[in-house]
Amino acid sequence: MVSPRLSAKLERPTADVSMVRRSQQVDQLRRAVAPLIVLSAPPGFGKTTLLAQWAEEDERPFRWISLDAGDNDPAVLLRYLMRALADSVAFGPDVLEGPIDDQEFLQAVTLPRLGHALAHHAQRFVLVLDDTHVLQGTAWELLARLVDEVPTGSQIVLSGRTEPALAIGRLLTHRRLVRFLPPDLAMTVSETQMLARSVGLELDASASSTLVARTEGWPAGLYLAVLSLRSRPDLREAVSEFSGNDRLVSEYVADELLSAAAPDVHRFLLRTSILRTLSGQLCDAVLRSRGSSTTLDRISRSNALLTPLGRDREWYRYHQLFADVLRAELHRSEPEIELELHHRASVWYEAQGDAEEAIAHAHASGNEDRAAELVWQETAAQLTAGRLATLERWLAAFDTKRSARDPLLALAHAGCALAAGRPVEPWLALAAHTAAHPDAASGKHDRGQIGLVISLFRAVMARSGAVQMVRDAEEVSREAPTASAVLAVARYLRGAALDQLGDPAAAEIQLQQGAVLAARLALPGIQSLCLGHLTFMAFRRADWSNMQHLAAQTSELVEAFGLQDDVTTAPVHAALALALAHDRRAHEAARAGRRASRLLATIAPIAPWLDVHTRAVLARTHLLLGDAAAARSLLAEAQQAAGQIPDASQLLERLDELWTLAQAVPLTTHLGPSCISPAELRVLRLLPTGLTFAQIADALSIHCGTVRTRALSTYRKLGVDSRSGAVGRALALGFISELPDPSGAPSA
């Protein structure tokens, strides 16, 4: 006679197979030929339901055993296995003979008898062992032997909350195992709609997709969600608000996942739930403890709602709904500890250089002063790296009143306005006012630091002219930290201003220092600005080799960091266009010029001096490309903006030179200097020497008629009709740096 307990253990669990048909997963199970099937997932992932649906469609008999802690005795487990398989396997009377409670006898005698019976006296069957997570130690040795001896056509199914303690890698390698993990058991959008209809609720694809994302496809979570939504009058709002805070979800998680957790594990789960991702070091810092790596590994192996993010099992994350439930309980039970935990996380992330998480945890800790300081610390780096959207998102997390009374936030807003081409002065005025008249809620800030940053902004805009721009940049350079983004920006601004005032030697030193510092600090935006301006200066002094080297370095930097469409790189693209045009790479030069032109509209309201400089460089580029009309248009626009920087003597002289040159080139000229061939260029560079065409022919070892042909072609392309006109135009365009000594003419 079979005892009631044994009947319960061997009876197939009931499951509502009509709720949602898991057709895809059932088909996978039916097609599987591996002797071992493993389903590892937390409660509520539909393991039992899926197996019941499979059993309904499979012709083989299914034998079920619901495991409990008592089955960790291999002798007990063996008896249940034999009784469950009694109808499918002809076990001899000797299998259970002898001292099977003795481990050595079990291994040496009993298990080989079991294996022989399975291999030689069995019909096809499917044996389901449910709740395998309760098993430990030698019970797994028995199951390993069972898996090794399962006859062809039969399968063993291990279903539990954790992966079985078997040689998973070996089984997978030999194709003896098919695994179903939580992602494989997650429900789809269409299955979610079916589930909703089973409880009388109609969900469209959008709402179902939102719920699937929120629950990560967890069937129990979705079922609880649709039950909760049934009672809500506004379905769309209910879907958008659904989270682990829902009463049904929190009660389910508490009953199924948290009730059995040891107190120390429960506390660990609650207090680390504030973290989006978890590592041993991070948890140690937040909890002020040690050994978190071991704890994370242990919990993840017993609870699949904490999952490792890589094979090295260094980082983990909680399932969204599970984390929601934990955070809600932490907020109810330990609100003060919750704030302190967020503060510790913010400090740890700041030390690791992760501004995103440091700022988020500062907000969550309720320390808005700290959050504002962190945002300000990152402002220069984010802007110079072209991450305007990131900075604006951080600023949006503060309420409007906070931004209006905190000078650091006002300055960060000024930086965003500067980068986006919006008015900057209102934010600077607000920063100056709040620094001078702080209130109790605005936090304490160094007024000297605020003034320094305001000086930097004024240097960028240079509304008071180039001389004041140099002074502002010098003040910033004196007061800024020796290795800071602020100092790198100041170096660039001071160099650009000195170049406007006609001091190229001093300008070059500042720009070189700025480029080196920006490279050291990983500020590609500032580095490219310095290198771009140095490229232009190399062009002006006809240092072609250095110009090509600087242009190549600048181009690589722009490409590597994706700065092509960054607003601040308009002058960089203009310098590259000029260098490319000089090297007669007309198509590439035109493309770089178009990119610079597209960005110019944003630069004009930020920094008129930079707008004028960029247009002048582009005008020179167009003259090299033979487009005098475009050059004149750019110069006319530059002249209009030049009124805002009347003391930039060198910059204004360059505009006048370019005007003279542009007016000398006929608007109908279709060919330009960039079309001059290398052979024509060799002749052009000897024209200023005073050598006759015959002497030039001897120097170049070519025929005199060839020299004449190339010279006349060059005149036409330069838009002139004489040798002196060609020399003057070549000097103005930068093909020739100075009039050479005839005696120094090359001989070949």
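Reader: What is the strand order of the open sheet of 5 strands?

Author: This is a predicted model. Its open sheet has parallel pairing. The edges are strand 2 (62–66) and strand 5 (177–180), each of which pairs on one side only. Between those edges the remaining strands fall into place, and the order is 2-3-4-1-5.

Reader: By how many degrees are neighbouring strands of this sheet turned against each other on average?

Author: The sheet in question is the open one with parallel pairing. With direction ignored, the average turn between its neighbouring strands is 15°.

Reader: How many bridges join strand 3 to strand 4?

Author: Strand 3 covers residues 126–130 and strand 4 covers residues 155–160, and the two run parallel. One of the residues involved is Val126, whose bridge partner in strand 4 is Gln155. The number of bridges joining the two strands is 5.

Reader: Which helix packs on the sheet and touches strand 1, strand 3 and strand 4?

Author: Strand 1 spans 36–40. The direction of the helix makes about 145° with that of strand 4. The helix spans residues 138–149 and is helix 6.

Reader: How are the rings of Trp348 and Tyr349 arranged: stacked, tilted or edge-to-face?

Author: The count of aromatic pairs in the model is 7. In the pair of Trp348 and Tyr349, the ring centres are 5.2 Å apart and the planes stand at 80°. Planes over 60 degrees apart count as edge-to-face, so this pair is edge-to-face.

Reader: Are Trp348 and Tyr349 buried or exposed?

Author: The cut-off for buried is under 20% relative accessible area. Trp348 has 13%, and Tyr349 has 4%. Both values fall under the cut-off, so Trp348 and Tyr349 are buried.

Reader: Which residue forms one aromatic cluster with Trp348 and Tyr349?

Author: Trp348 and Tyr349 are an edge-to-face pair. The cluster that holds them also includes Trp315.

Reader: How many residues apart in sequence are the parts tied together by the pair of Tyr492 and Trp609?

Author: The rings of Tyr492 and Trp609 have centres 6.4 Å apart and planes at 45°, so the pair is tilted. Tyr492 is buried, as is Trp609. Tyr492 sits in helix 27 (residues 485–500) and Trp609 in helix 33 (residues 608–624), so the pair ties together parts whose separation in sequence is 117 residues.

Reader: Is His413 buried or exposed?

Author: His413 belongs to helix 23 (residues 407–420). Beyond its neighbours within four places in sequence, His413 is in contact with Leu395, Ser403 and Trp427. Its relative accessible area is 18%, and the cut-off is under 20%, so His413 is buried.

Reader: Which residues does Leu430 touch, not counting those up to four places away in sequence?

Author: Leu430 lies in helix 24 (residues 425–436). With a relative accessible area of 25%, Leu430 is partly exposed. The residues that Leu430 touches are Ser403, Ala404 and Ala410.

Reader: How many disulfides does the structure hold?

Author: A disulfide needs two cysteine sulfur atoms within 2.5 Å. Among the residues of the chain, Cys283 is buried at 0% relative accessibility, whereas Cys704 is partly exposed at 29%. The number of disulfides is 0.

Reader: What percentage of the residues of the protein chain count as buried?

Author: The chain has 39 helices and 8 strands. Its accessible surface is about 33,000 Å², with 51% of that belonging to carbon and sulfur atoms. Of its 748 residues, the share that counts as buried is 52%.

Note on methods. Residues numbered from 1 in each chain as written. Predicted model: local features only at pLDDT ≥ 70, side-chain atom pairs only at ≥ 80, totals over all residues. Heavy atoms only, no water. Buried < 20%, exposed > 50% of the residue type's maximum accessible area, 1.4 Å probe, protein only. Helix = DSSP H or I, 4+ residues; strand = E, 2+ residues; numbered from the N terminus. Contact = heavy atoms within 4.5 Å. Areas by Shrake-Rupley, 256 points an atom, 1.4 Å probe, with all protein chains shown as cover. Pairing = 2+ DSSP bridges. Axes fitted to C-alpha atoms, helices over the stretch in contact; angles between N-to-C directions. Phe/Tyr/Trp six-rings, centres within 6.5 Å; stacked < 30°, edge-to-face > 60°.
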